[in-house]
Amino acid sequence: MIKAILIFNNHGKPRLSKFYEHYSEDTEQQIIRETFHLVSKRDENVCNFLEGGMLIGGSDYRLIYRHYATLYFVFCVDSSESELGILDLIQVFVETLDKCFENVCELDLIFHVDKVHNILAEMVMGGMVLETNMNEIITQVDSQNKMEKSEQSP
Amino acid sequence: MPAVSKGDGMRGLAVFISDIRNCKSKEAEVKRINKELANIRSKFKGDKALDGYSKKKYVCKLLFIFLLGHDIDFGHMEAVNLLSSNKYTEKQIGYLFISVLVNSNSDLIRLINNGIKNDLTSRNPTFMNLALHCIANVGSREMAEAFASQIPSILVAGDTMDSVKQSAALCLLRLNRTSPDLVPMGEWTARVVHLLNDQHLGVVTAAASLITTLAQKSPEDFKTSISLAVARLSRIVTSASIDLQDYTYYFVAAPWLSVKLLRLLQCYTPPEDAALRSRLTECLETILNKAQEPPKSKKVQHSNAKNAVLFEAIALIIHHDSEPTLLVRACNQLGQFLQHRETNLRYLALESMCTLASSEFSHEAVKTHIDTVINALKTERDVSVRQRAVDLLYAMCDRSNAKQIVAEMLSYLENADYSIREEIVLKVAILAEKYAVDYTWYVDTILNLIRMAGDHVSEEVWYRVIQIVINRDEVQGYAAKTVFEALQAPACHENLVKVGGYILGEFGNLIAGDSRSSPLVQFDLLHSKFHLCSVPTRALLLSAYIKFINLFPEVKTTIQEVLRSDSQLRNADVELQQRAIEYLRLSCIASTDILATVLEEMPPFPERESSILAKLKRKKGPGILPDIDDTRWNGNGNVEHSESVEGTNKSSPSLMADLLPTNRPRPSSSSPTMLSAGTMGSAHPFTDLLNLNSAPSAGASLLVDVLSDSFSPASQDVSDENFSRFVCKNNGVIFENQLLQIGLKSEYRQNLGRIYVFFGNKTSTQFLSFSSSVISSDSLKTQLNIHAKAVDPTVEGGAQLQQILNIECVSDFTDAPVLDIQFRYGGALQNIAVKLPVMLNKFFQPTEMKSQDFFQRWKQLGVPQQEVQTIFKAKHPMDTDVTNAKILGFGVALLDGVDPNPANFVGSGVIHTKSTQVGCLLRLEPNAQAEMYRLTLRTSRESVSQRLCDLLSDQF
């Protein structure tokens with residue numbers, strides 16, 4: 001299962017954090033910092049998997065991450081997930097964001113935290129992969145937007 | 001068309017975010033945030049009712065502030081109110097806030113549950129999805145209680161929309177993980193299996209996840225899923241990708257679903273039905289074949305998706321471990337990946353090969369890649385990959401290649417990352433011992449280890465080399481010579497001095513014939529290191545000196561002078577001073593005969609499992625911990641693997657087997673016992689060696705240990721070494737030996753508890769007449785009711801057996817019940833007794849209270865008998881977060897802002913027993929400078945205060 005999904009930028013500023021297990025706010029922030037520390041010191045072109053930090057459960061958990069321009073996308077998972085599968089899931093997530101925001105950039109994530117959460121919720125639920133088909137995800141997001149529009153213009 | 005238009009949305013939110021981003025300093029940011037928080041707070045508290053839009057806007061702001069790392073302690077109520085809105089957007093924000101910010105034991109859960117209930121019955125699929133998401137994300141027990149029975153019917157109802165089915169399946173899966181006892185099995189299970197045939201691949205994927213988890217728990221109930229999964233997989237793998245709607249990802253047909261199905265099949269042995277079996281084999285072959293085809297796209301996503309399926313197929317082949325041709329093909333495929341230009345694939349190939357190495361069919365095939373793996377160790381840029389290479393070398397090691405592998409690991413050690421050095425040291429030590437053909441090689445290897453990575457050589461490692469030298473006559477002379485030479489180095493590691501002191505003290509006589517290593521030279525050499533060493537090493541050296549007096553009467557006067565010097569006799573350290581005085585007196589008054597008896601050569605050590613192995617297992621984490629979520633424990637259990645390799649090599653003599661029960665009777669007046677029993681007070685390096693498992697402790701307690709060790713066989717003792725680790729946690733491994741591992745998962749609620757005990761058979765042979773029962777002392781029987789369900793009398797090799805214990809706390813108690821386990825293994829009756837970690841604090845319910853309430857109650861409990869206080873030294877580093885976690889784990893609520901000193905911890909809770917409830921307040925005051933704690937407990941009952949104090953004070 002997926003224990004946490006974190007997005008932070010090259011300076012470690014969190015842009016999205018979603019924990020599927022409960023931690024105190026403090027611990028969550030520490031996990032983000034620890035994860036950033038682990039991931040950011042790695043060279044480009046090394047492998048995308050590494051053992052989790054101590055706070056998130058150590059070697060029983062694995063961090064699977066991708067680095068896009070200014071942002072790191074990190075999934076912390078247990079051994080029941082396929083590493084390459086999760087790596088592709090990150091790609092689907094980013095491609096979906098890209099379609100929804102038209103050339104997504106860090107600012108979109110900052111100003112539309114709620115939207116990003118909603119898109120993520122269409123893919124991952126309670127730490128489990130819900131949907132992997134991008135078209136399906138976008139259809140859902142579209143229908144949500146339509147509802148939103150219809151509610152705004154009474 | 002962009003799905004999210006950027007123009008609309010909440011202006012106030014955008015302005016606020018821009019403000020934050022324009023802040024030049026952290027202080028400015030905090031100031032702006034506090035201003036906003038105050039604003040929102042006043043809006044929420046204001047008289048004017050807020051409209052849905054404003055609520056939504058403010059809740060969004062709070063979310064943003066939370067993401068920046070600030071605590072949000074209000075707004076929950078407003079978010080809950082949004083749930084009952086009819087507007088989708090408002091409802092959605094409400095749910096979002098709750099799933100990000102509300103924890104599972106919030107007192108708002110009942111209100112939230114109400115909202116969820118309305119949405120679940122609304123028949124509006126969007127609302128239903130929101131509600132199901134919320135249940136899955138929060139996953140609390142209250143929610144499970146409220147909805148666990150309702151969700152299966154949503155899942156299997158004929159008219160449920162696909163997207164809702166997907167959510168319902170995963171929601172059920174989540175509840176099954178968090179509160180398995182509340183999810184009822186029933187007639188829906190059969191219908192869930194048929195979801196594998198569903199038209200919609202998203203539903204199939206979700207169902208496959210759910211079934212995998214359920215099948216791990218009750219394989220029999222879900223056996224029908226095998227044929228459906230194989231059929232589905234076969235359709236995906238063989239069909240042209242056009243049939244699969246949109247689930248083709250970069251030219252790979254439904255990769256995620258394939259992975260899930262292959263995972264599901266890993267819950268079972270190969271299908272018995274021949275037709276089904278050949279259909280599955282066909283699938284696996286097709287997947288392997290596709291790997292050889294030229295890629296349909298150059299994109300990395302294409303190869304990732306394809307290989308995700310391939311690796312899972314290989315995992316299944318390894319799990320089945322029954323088709324030699326497939327295993328060898330898998331091995332060859334991984335061999336290709338070992339040299340692939342993608343680092344990810346090299347990493348995964350190394351990891352998969354570790355498991356492959358444990359199969360007798362493919363062990364030899366794996367070994368052919370040794371050069372590539374060694375090369376990876378030397379050239380990989382990424383430490384994670386190098387670490388996997390170390391693991392694989394360890395897994396593929398056997399008698400034929402041990403020398404090469406150990407040599408390569410040793411040379412890698414010199415440049416290895418600090419984080420993994422200790423692990424490598426342990427692995428080298430284990431391999432060197434396990435595959436030693438001649439002991440000189442073993443001794444050389446360990447001394448090399450100490451020389452190269454002395455700081456990372458743990459006590460277990462050097463204890464072990466001494467045990468082995470003492471137990472093997474033929475290596476003693478060589479060992480003495482080698483340490484003597486190694487000590488010549490001007491700077492040597494303290495661990496080397498310890499080994500050197502010990503070995504020369506025992507066997508220095510074997511090399512004393514050579515004038516270059518005469519007794520005096522040996523003594524001078526050791527003594528030249530003395531002043532550079534720490535107290536425990538000096539103590540050990542003093543013991544070596546007194547042994548010298550016995551071995552070499554000619555150096556007696558020299559040594560006596562050293563002992564007599566002020567720096568010894570008046571040493572500030574009590575231990576050293578006492579040793580010097582006692583050894584000096586002993587050498588003066590005892591006759592040669594007595595001296596010879598007291599200082600006789602150490603008798604052989606009784607054999608037990610190498611403590612190094614145990615240490616590696618600990619380091620590697622709970623390798624075969626009964627984790628139902630973890631289908632691949634085999635994959636990580638390298639240690640277990642090598643034991644099974646050992647099993648296949650039974651014919652060849654192994655050092656381990658040689659060393660196993662030596663059963664040489666120990667003389668009843670054996671020297672070590674005498675040394676520590678009275679005459680010497682405390683000769684602790686020696687006794688430590690006898691008590692490898694005990695933490696270093698004072699001489700007095702060691703004395704008892706030594707006695708119990710020599711007079712009663714250890715196996716009949718009640719094992720309680722892990723007991724105290726369970727005070728603040730509920731799950732983990734409570735006991736482990738070479739045959740059996742016992743893991744626990746426990747949950748408590750008010751005065752009731754339930755423990756799932758998992759017995760893991762670590763051998764390949766079945767245990768017969770297996771029984772496990774709970775024994776309580778007479779007084780405990782009246783205080784605690786424990787009902788143990790009967791268990792199956794046979795446990796297959798490698799299998800796991802589960803037992804459920806139901807517990808009811810009648811009144812407060814101090815003793816702990818004992819789990820008594822008996823079984824036959826290879827004809828011999830085994831009896832194991834384990835102290836069960838059922839402690840009084842398990843029946844805590846945390847209670848939050850305000851500062852003034854706390855102090856009022858604190859004062860009410862002012863009678864001297866109600867308070868227990870203890871001051872004690874910190875045994876672990878004093879880390880606030882760890883302490884927080886421990887106190888929460890102990891079961892009480894942590895109260896912030898109650899104690900005027902923020903460094904102190906204050907907690908409160910209620911102990912629930914059947915007869916009564918006992919309120920409890922506690923306060924823990926750390927003193928970082930002195931590394932001390934003061935713990936104060938006040939409860940209305942003296943016995944409760946005392947017991948809780950004893951339990952908790954042991955944890956820091």
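## One helix and its surroundings

In this predicted model, helix 20 of chain B, which spans residues 370-379, has as its buried residues I370(B), V373(B), I374(B), A376(B) and L377(B). When one looks down the axis of helix 20 of chain B, these buried residues fall within an arc of 150°, so they line one face of the helix.

The face of helix 20 of chain B that is turned away from this buried side carries the exposed residues D371(B), K378(B) and T379(B). On the buried side, what covers the residues of helix 20 includes several other helices of chain B, namely helix 17 (324-338), helix 18 (343-356), helix 19 (363-367), helix 21 (383-396) and helix 22 (402-413).

## Nonpolar cores

The largest nonpolar core holds 271 residues, and of these I2(A), I112(B) and I116(B) touch the most other members. Helix 2 of chain A, residues 83-101, gives the most to this core, with 11 residues. If residues up to four places away in sequence are not counted, the residues that I2(A) touches include Y20(A), F75(A), I86(A), L89(A) and V129(A).

Apart from this core lies another one, of 59 residues, and among its members are F723(B), I742(B), F770(B) and L780(B).

## Aromatic rings and charges

A pair of aromatic rings is described by the distance of the centres and the angle of the planes. A search of the whole structure finds 28 aromatic pairs over all chains, and one of them is the edge-to-face pair of F548(B) and F552(B), with 5.2 Å from centre to centre and 75° between the planes. Both F548(B) and F552(B) are buried.

F770(B), already named as a member of the core of 59 residues, also belongs to one aromatic cluster together with F759(B), F767(B), F823(B) and Y825(B). Rings can also be found beneath charged side chains: the charged end of K91(B) sits over the ring of F127(B), 4.5 Å from its centre, while K835(B) lies over the face of F723(B), at 4.5 Å from the ring centre.

## Strands of chain B

Strand 11 of chain B, residues 828-835, is joined to strand 3 of chain B, residues 718-719, by two bridges, and these two strands run parallel; here V718(B) stands opposite A833(B). Strand 11 is also joined to strand 10 of chain B, residues 818-825, by eight bridges, but in this case the strands run antiparallel, with R824(B) standing opposite L829(B).

Strands 10 and 11 of chain B form a hairpin that has two residues between the strands, and in this hairpin G826(B) takes a positive phi near 55°.

Technical notes. Residues are numbered from 1 along each chain as its sequence is written. Chains are lettered from A and ligands numbered from 1 in the order in which they are written. This is a predicted model: local features need pLDDT of at least 70, side-chain atom pairs count only at pLDDT 80 or more; totals for chains, interfaces and linings use all residues. Side-chain values use heavy atoms; hydrogens and water are left out. Buried means under 20% relative accessible area, exposed over 50%, partly exposed in between (1.4 Å probe, protein chains only). Helices (H or I, at least four residues) and strands (E, at least two) are DSSP runs, numbered from the N terminus. The arc is that of the directions from the helix axis to the C-beta atoms. Contact means heavy atoms within 4.5 Å. Rings of Phe, Tyr and Trp (its six-membered ring) pair if their centres lie within 6.5 Å; planes under 30 degrees apart count as stacked, over 60 as edge-to-face and the rest as tilted. A charge sits over a ring if NZ of Lys or CZ of Arg is within 6 Å of the ring centre and within 35 degrees of the ring normal. A nonpolar core is a set of buried Ala, Val, Leu, Ile, Met, Phe, Trp, Tyr and Cys residues joined through side-chain atoms within 4.5 Å. Two strands pair if DSSP finds at least two bridges between them.
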